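I open this notebook to record a look-up of aromatic rings and their surroundings. The entries follow the order in which I checked them.

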Amino acid sequence: MMEILLHLGDGILLAVQPINLLLIVIGVTLGLFIGAMPGLGSVNGVAILLPVTFLVPPASAIIFLAAIYYGAMYGGAISSITLGIPGASTAVATTFDGRPLALQGRARLALVTAALASFIGGSVSNVLFTGFAPLLASVALSFGPPEIFSLMLLAFATFVGLGGDDIPKTVFSICLGLVLAAVGYDEISGAPRLIFFDIPGFMHGINFLVLAIGVYGIGEMLWTIDSTRGKVTTTQTRMTVKGTIEDAGEGMRRGWKGTAIGSFLGFFVGILPAAGATPGSLMSYGVAKMLARNPKEFGRGHPGGVAAPEAANNSASTGAMLPMLTLGIPGSPTTAILLGGMVIWGLTPGPRLFTDQPEFVWGLIGSFYVSNILAVVVNLAFIPLFIWMLRMPFTILAPMIFVLSVVGGYAATQDMHDVWLMLIFGLGAFVLRKLDYPLAPAVLAIVLGPIAEPTLRQSLLLSSGDPSIFFTRPIAGPITIIAIILILLPLIKVILGRRRGAETNAA
Amino acid sequence: MRRAELVTAIVLALLSIYLMWKSTALDIGYISGEGPGGGAWPFWLAGVMLVCTGVIAFNWMRQTSPPSQSDEPLLDRYGRRMLFMVGGGILAFIALVSVISMYGAMFVFLIYYLAFLGRHRWSVTIPVAVITPIVFFFFFEALMRITLPKGMKFLEPVFNWLNTIIY
């Protein structure tokens, strides 16, 4: 325990070094803006800005990106409340009660409650994270290829079992990401593999950023332009110190229960690989409504309905970092991109990070605490500015994002071939998105593919081709079985549903 | 969207078959003493993709997925126009990079998008289109030492002059 506190102290000291502190301030502010802009979420911001971080050392780079992630969780609420459209998918549940409050002329109450709940959610999850991470990492140190592969299987299985999207489309998306990750060279035999039409650009493989920027920078933007063709109206609000304090009191009095539910539930949902902040916030809203004294007030403008999802999305964003840092599997699409970034920076994600790169790990954890405090301050201080910026026409923002995407796609590998590929992925993603194909699984898969394939092959080599190795080892066994149950879960639901349907028909 | 759902499933099925065929260039079976061959992983994954497209097509027939029940077109007039103007704009942007450099292409793209698609006034368009490439130039070339494409030879004197500023 003492050791953890000492490490944490070191980490916070590292995070407040001038360069890192500056990066946190810029990151949080950028994140708030990215989160507030409809059509842009933390995952877009992190994917598009990752190439920009090659300038600074890895610890500073991840601190910067984590600050964006964090800020975006705060920012999403601003547009959910003042525009009535969620700034990011993580803030969808915030519109349910945030928008009615704004329409009643109580936008400030909603904004202040959102900021405070976010802060509390962030603080609770930071403490949970600090306690759990070293423990989990020390257990994970004994993992061999079968354990790691079974964890990968679990990560994909959660998408199938809990993702809530069309199952065959989800599985297709996962497999497509894994196959794209296999392009280039076969690592074991060294033979070139899947070099399409013998184009030499495929020899160096497909960088995950090319897919991530294509999907989130181009595909999603096209989708946003296509789907939000109407004009949106901004609700204005006056921020005064006295009013803010009064609203803070009211927000916490009526929203403490939602905050508490969101803080804890969000963290544990965030840890699950397919879940992340979006389902975490939706679930917390549901639970807070269920447990409220008068559930009917929810949806008509109850501060608890703002507090629960906002506490949860911040808490979940920290929770999602837990499996990323300790096990090397990301807990959300955004952390998948962070994980890919760690590989580019020359780090090997996984439990060894805690022993091999303590500065990196604890610097990042320390930065969570610093970012959380800075985010609430920047958020409350600049709410009027963010509302003003939300009036920036999309026809200025969109071309800037396309420019950033093209430059980012080039900077990742310095090859125009990848920029063309990114455009193809972007256009493909736009069509698939319209047809309800989930694309986050593909991005997760292209990051995990280079880990999943070798661990599978090494495991099968260990067992001379016998797949039972994934079931008989003490840690891998239960994980594999849980993964299989998750994969079968939708099927079980269908069968149960049919039986129930037959019973009602009979009755 | 009903037709688009089926057409997409067929296209993706063909893609899966192509990926399976391409994977067979390497060994797709189990080699004793070496583990699975290099083609096995992508081959079987592409196989799963093929099965998925089959299920998607089956669901289309049963009309269980939302897009297979929808009468709306995949792209209406606005969507088609948007895709042509915006997607085409990005395509032209990328194509121009090798001719007039990343920075020149950026400038042309921003002018096109802001003035033509966004119908912004020139007093907004010109500053954005001029300042953005300049900021990118100093950020990437000077600060990060990442060189972005410089286009064809005729632009060399311009960049030589710019390089004297940053080096």
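Which residue lies over the face of A:W223? I find A:R433 there, at 3.6 Å from the ring centre; a charge sits over a ring if NZ of Lys or CZ of Arg is within 6 Å of the ring centre and within 35 degrees of the ring normal. In chain B, I note the charged end of B:K150 over the ring of B:F159, 5.4 Å from its centre.

I record the conventions here: this is a predicted model, where local features need pLDDT of at least 70, side-chain atom pairs count only at pLDDT 80 or more, and totals for chains, interfaces and linings use all residues. Residues are numbered from 1 along each chain as its sequence is written, chains are lettered from A and ligands numbered from 1 in the order written, and side-chain values use heavy atoms, without hydrogens and water.

Next I looked up aromatic pairs (rings of Phe, Tyr and Trp, the last by its six-membered ring, with centres within 6.5 Å; planes under 30 degrees apart are stacked, over 60 edge-to-face, the rest tilted). Over all chains I count 26. A:F132 and A:F268 form an edge-to-face pair, 6.2 Å centre to centre with 85° between the planes. The two residues are 136 apart in the chain.

I then turned to A:F196 and B:Y18, a tilted pair at 5.9 Å and 40°, which crosses between chains. A:F196 counts as buried at 10% relative accessibility (buried is under 20%, exposed over 50%, partly exposed in between; 1.4 Å probe, protein chains only). B:Y18, at 22%, is partly exposed. Both belong to one aromatic cluster with A:F197, A:F202 and B:W21.

Terms used:
Helices (H or I, at least four residues) and strands (E, at least two) are DSSP runs, numbered from the N terminus.
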